[in-house]
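Student: I would like a close look at one part of this protein. Please take me through it step by step, then show me what lies around it.

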Amino acid sequence: MSEAVEYDVVVLGGGPAGENVVDRTRAAGLSTALVESELVGGECSYWACIPSKALLRPALARADARRVPGLAGSVAGPLDAGAVFAHRDYWTGSWKDDGQIDWLESVGAHVYRGHGRLYGVRKVAVTSPEGEHHVLSARHAVVVATGTRAVIPDLPGIEDARPWTSREATSAQVAPGRLLIVGGSVVAAEMATAWQALGSEVTLLVRGSGLLPRMEPFAGELVADALREAGATVRTGVAVESVVRDGSTGPVTVVLEGGETLEGDELLVATGRSPRTEDIGLVTVGLTPGGWIAVDDSCRVPGIDWLYAVGDVNHRALLTHQGKYQARIAGAVIAARAAGHQALDTGRWGAHAATADTQALPQAVFTDPEAASVGLTLAEAERAGHRVRAVDYDLGTVSGAGLYADGYRGRARMVVDLDREVLLGVTFVGPGAAELLHAATIAVAGEVPIERLWHAVPAFPTISEIWLRLLEEYRG
């Protein structure tokens with residue numbers, strides 16, 4: 001190994017979480033190096049959030065337009081798949097990270113391309129694609145932000161079947177004639193929406209009782225109903241027993257428990273994520289390779305004063321925006337400690353605590369209808385011991401929703417803490433519902449009292465008037 005190059009901070013992983021650590025530490029005047037083995041920008045930029053939304057936006061815009069009188073007849077035809085793919089490719093930079101590199105260099109970060117591994121206390125060893133070796137030493141902190149990868153279940157025949165994961169599903173250049181999707185997660189629901197709209201015949205195979213199991217049950221029910229109406233097949237309570245691929249490019253057959261078989265042209269497996277930690281040197285600091293990296297609310301690894309983990313790899317909240325939030329928190333902690341401030345504000349909602357991970361976690365699912373939620377579901381709030389009341393309202397009865405689309409269907413729920421009269425959680429399902437989410441996030445994170453929310457007047461006629469209807473329902 002060469003002699004160590006010293007920085008204030010070394011970041012292992014160049015996805016959104018890692019980039020945001022760089023942004024915060026450089027803003028604090030700390031020298032920072034970033035190590036990335038693939039494309040700088042990470043999973044979100046090239047194989048998840050950005051390309052998936054580029055595929056979904058035309059599908060959702062067409063669905064909305066088909067519900068507007070005077071416009072519906074003009075959008076009756078199929079999507080221009082080539083134009084959709086070209087737009088997706090533009091937003092991914094055609095899977096090149098030049099723009100991301102330019103930004104990092106503009107803020108004074110040093111980028112090392114290659115595979116990085118922890119190399120004992122405050123050190124990271126980097127092996128470049130050309131076989132060169134470097135050792136980076138951190139004066140103050142090393143931050144692990146290596147993210148996750150898709151889990152491929154251990155099924156007979158699965159390896160030879162070459163299934164799609166989220167990466168192939170968001171980067172494919174041709175719509176398969178028949179797409180089988182295993183899973184009921186956000187990835188499964190969104191990709192079913194996108195590829196059904198792009199012309200594939202989609203079949204969803206869900207082991208559980210419904211889609212989107214981490215949201216209120218009605219969210220998955222409304223999304224499943226809409227997928228079926230669009231022509232997709234959604235089957236719940238089914239389990240895959242094995243997979244068979246016919247030759248190198250032939251159709252793929254899924255065998256269900258009980259012996260039933262289904263045939264498709266491609267198979268997408270969307271059954272979870274695992275941490276990318278199996279070969280990053282965790283053993284050199286006493287941690288378990290291949291496992292999630294547990295952290296406290298400041299995103300610091302307990303017992304290791306200088307080591308932090310942000311984003312999916314810490315398993316607190318597997319969402320890009322939450323990883324970026326954790327990065328901002330960790331960056332503030334690192335900067336404060338580097339400046340000699342040991343008395344950190346780590347209390348609930350403190351400047352150095354990622355409280356939102358557990359108390360006000362927002363999520364938007366870009367299906368048709370969209371599903372958006374923040375905070376606790378009713379079941380989660382009850383399990384946590386809160387005395388709560390769920391207030392439900394038909395989102396489609398709000399004037400703004402009726403003007404947005406004929407036949408608008410949706411639902412809203414707020415979960416109220418009856419002892420404090422603040423909101424613990426809010427869920428919206430309906431076309432365009434994702435844009436309602438941030439107001440709910442502010443209400444939950446800010447613990448805004450119900451009596452004060454009554455004075456937050458929604459503009460008429462907007463879908464946001466659902467807030468008034470929910471509050472009226474609560475007040476009786």
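Student: Which residue follows α9, and what is the sign of its phi?

Tutor: The residue is G231, and its phi is positive, near 115°. This is a predicted model, so every value here is computed from predicted coordinates.

Start with the helix itself. α9 runs over residues 217-230. It has 14 residues and reaches 20 Å from its first C-alpha to its last. That is close to the 20 Å expected at 1.5 Å a residue.

Now look at which residues of α9 are hidden. F218, A219, G220, V223, A224, A226 and L227 are buried. Several elements help to cover them. Among them are the helix α8 and the strands β9 (201-206) and β10 (233-236). The cover also includes β18, β20 (411-417) and β21 (422-430).

α9 also borders open space. The second largest pocket holds about 540 Å³. Its lining has 22 residues. The largest share of that lining, six residues, comes from α9. α3 (49-65) and α8 (186-197) each supply at least two residues as well. Nearest the pocket centre lie A63, R67, A226, A230 and D368. A226 thus has two roles in this account: it is one of the buried residues of α9, and it is among the lining residues nearest the pocket centre. By class, the lining divides into twelve nonpolar, three polar and seven charged residues.

Next, follow a contact out of the helix. V223 is touched by T367. T367 sits in the loop between β17 (362-365) and β18 (370-375). T367 counts as buried because its relative accessibility is 1%, under the 20% cut-off. Besides V223, T367 touches L60, A189, E190 and T193, leaving out residues up to four places away in sequence. T367 and A343 are 24 residues apart in sequence, yet their C-alpha atoms are 45 Å apart in space.

Two strands that help cover α9, β20 and β21, lead on to the packing of nonpolar residues. In soluble globular proteins, nonpolar side chains tend to be buried together. Here the largest nonpolar core has 57 residues. M414, L423, V426, F428 and I466 have the most contacts inside it. The largest share of this core, seven residues, comes from helix α10 (residues 320-338). Apart from it lies another core, of 37 residues, including L79, A172, V206 and A270.

Take F428 from the larger core. Beyond its neighbours within four places in sequence, F428 is in contact with residues including E370, R411, A412, I466, W467 and L470. V391 gives a second view of these surroundings. V391 lies in strand β19 (residues 388-394). V391 is buried because its relative accessible area is 2%, under the 20% cut-off. Outside the four places on either side, V391 touches A412, R413, M414, V416, L470, E473 and Y474. A412 and L470 are therefore listed as contacts of both F428 and V391, with heavy atoms within 4.5 Å. V391 and L378 are 13 residues apart in sequence and 9.9 Å apart in space, C-alpha to C-alpha.

Last, enclosed space. A search of the whole structure finds one cavity of 30 Å³ or more. About 40 Å³ of space lies in it. Its lining is P153, L155, I158, V182, V240, V243, L267 and V269. β11 (240-245) and β14 (266-269) are the elements that give two or more residues to this lining. The lining has eight nonpolar residues, with no polar and no charged ones.

Methods: Residues numbered from 1 in each chain as written. Predicted model: local features only at pLDDT ≥ 70, side-chain atom pairs only at ≥ 80, totals over all residues. Heavy atoms only, no water. Core = buried A, V, L, I, M, F, W, Y, C linked by side-chain atoms within 4.5 Å. Buried < 20%, exposed > 50% of the residue type's maximum accessible area, 1.4 Å probe, protein only. Helix = DSSP H or I, 4+ residues; strand = E, 2+ residues; numbered from the N terminus. 1 Å grid on protein atoms, 1.4 Å probe; cavity = no way out; pocket = protein on both sides within 12 Å on 5 of 7 lines; lining within 4 Å. Points joined across faces, edges and corners; volume = space filled by probe spheres on them. Nonpolar A, V, L, I, M, F, W, Y, C, P; charged D, E, K, R; others polar. Expected span 1.5 Å × (residues − 1).
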